[in-house]
Amino acid sequence: MLKISNLKVNIEEKEILKKINLSIKEGEVLALMGPNGSGKSSLASTIIGNPKYEVTKGKIDFEGENILSMTSDQRANKGIYLAFQYPVAIPGVTVREMLLTALRAKYKEIKISALELKRTIENEAEKLHLSNELLNRGLNEGFSGGEKKKMEILQMRILKPRLLILDEIDSGLDIDALATIAKNVAEMVKENKMSVLVITHYQRILNYLIPDRVAVMKDGRIVENGGKEVANRLEKHGYK
Ligand code: ADP
Ligand code: MG
């Protein structure tokens, strides 16, 4: 599904990712852990094609195709979805309007009507325990941290990506909300053979969204690869 080879990335002339090799198979969950500032979010931004992150070496293949020359929206239309660590607010644009636009951009002949989409969104919102009132506001406008994170998952449910990147979706969530979100994602993985890159500091989310593998990043490099036991060890002993 995803193959990152010898990837080097600069931001403002400074090298922040140093020869990253990482791959995720179809239906596989890979957890990426690592201390603050190690480059996890930078890797997520690079995969989705944020132009601030300059790739100086290596490549990123998605379903066998090098995606580095593609723009972010092209990558998104191919099925890559990034749930942001810090979701942005878009005042004046509701989630419904945004999703309808996104679906119409993705599928030339969209069969879903605005009304059908409204019902689907309401249905998904209910599963996530998100109140209907939020759906009428501008996207993320005045949302709590937890509501923003749930909104990222709601969008994922509708857009049905092939590769989901969750950047610290668990930060700022209470325990119940975390369980709701993680179970929701685990269900999607099972149903659609979706691949997931889950970036986290904590082992807790991995109890629901069980990783096939765990990679640890430090100072722009992958320094360890292993199974779920790596996450348990880090939880106990920290990164030192
Ligand atoms: P993590 O997500 O693992 O905490 P980041 O990828 O956010 O780490 O950051 C890795 C390093 O790159 C940090 O030193 C950070 O300051 C730097 N960095 C990331 N994005 C930017 C940016 N847009 N501008 C300047 N520096 C950045
Ligand atoms: Mg980060």
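Visitor: What makes the approach of a backbone N or O atom of Ser38 to an oxygen atom of ligand 1 a polar contact?

Guide: In this predicted model, that backbone atom of Ser38 lies 3.2 Å from the ligand oxygen, and a polar contact is a pair of N or O atoms within 3.5 Å (within protein, one must also be able to donate a hydrogen and the other to accept it, and residues adjacent in sequence count only if both atoms are side-chain atoms), so the pair with Ser38 qualifies. A backbone N or O atom of Gly37 lies 2.7 Å from an oxygen atom of ligand 1, and a polar side-chain atom of Ser42 lies 2.5 Å from an oxygen atom of this ligand. Taken alone, ligand 1 exposes 560 Å², of which the protein buries 67% (Shrake-Rupley areas with a 1.4 Å probe).

Visitor: On what basis is the model read?

Guide: As the model is predicted, local features need pLDDT of at least 70 and side-chain atom pairs count only at pLDDT 80 or more, whereas totals for chains, interfaces and linings use all residues. Residues are numbered from 1 along each chain as its sequence is written, chains are lettered from A and ligands numbered from 1 in the order in which they are written, and side-chain values use heavy atoms, with hydrogens and water left out.

Visitor: Which residues surrounding ligand 1 are the closest, and which element supplies the largest share of the shell?

Guide: The closest of the 13 surrounding residues, each with a heavy atom within 4 Å, are Gly37, Lys40, Ser41, Ser42 and Tyr53. Helix α1 gives the largest share, 3 residues, and both β2 (14–24) and α1 supply at least two.

Visitor: Why are Ser41 and Gln85 called donors of the magnesium ion, ligand 2?

Guide: Ser41 (OG) and Gln85 (OE1) lie 2.1 to 2.4 Å from the ion, and donors are N, O and S atoms within 2.8 Å of the metal (3.2 Å for Na, K and Ca), so both atoms count, although the site may look incomplete without water. Ser41 belongs to helix α1 (residues 40–48) and Gln85 to the loop between β6 (80–83) and β7 (90–94), 44 residues apart.

Visitor: How do you know whether Ser41 and Gln85 are buried or exposed?

Guide: Buried means under 20% relative accessible area, exposed over 50% and partly exposed in between (1.4 Å probe, protein chains only). Gln85, at 14%, is therefore buried, whereas Ser41, at 28%, is partly exposed. By the same cut-offs, Glu12, at 74%, is exposed.

Note on methods: Helices (H or I, at least four residues) and strands (E, at least two) are DSSP runs, numbered from the N terminus.
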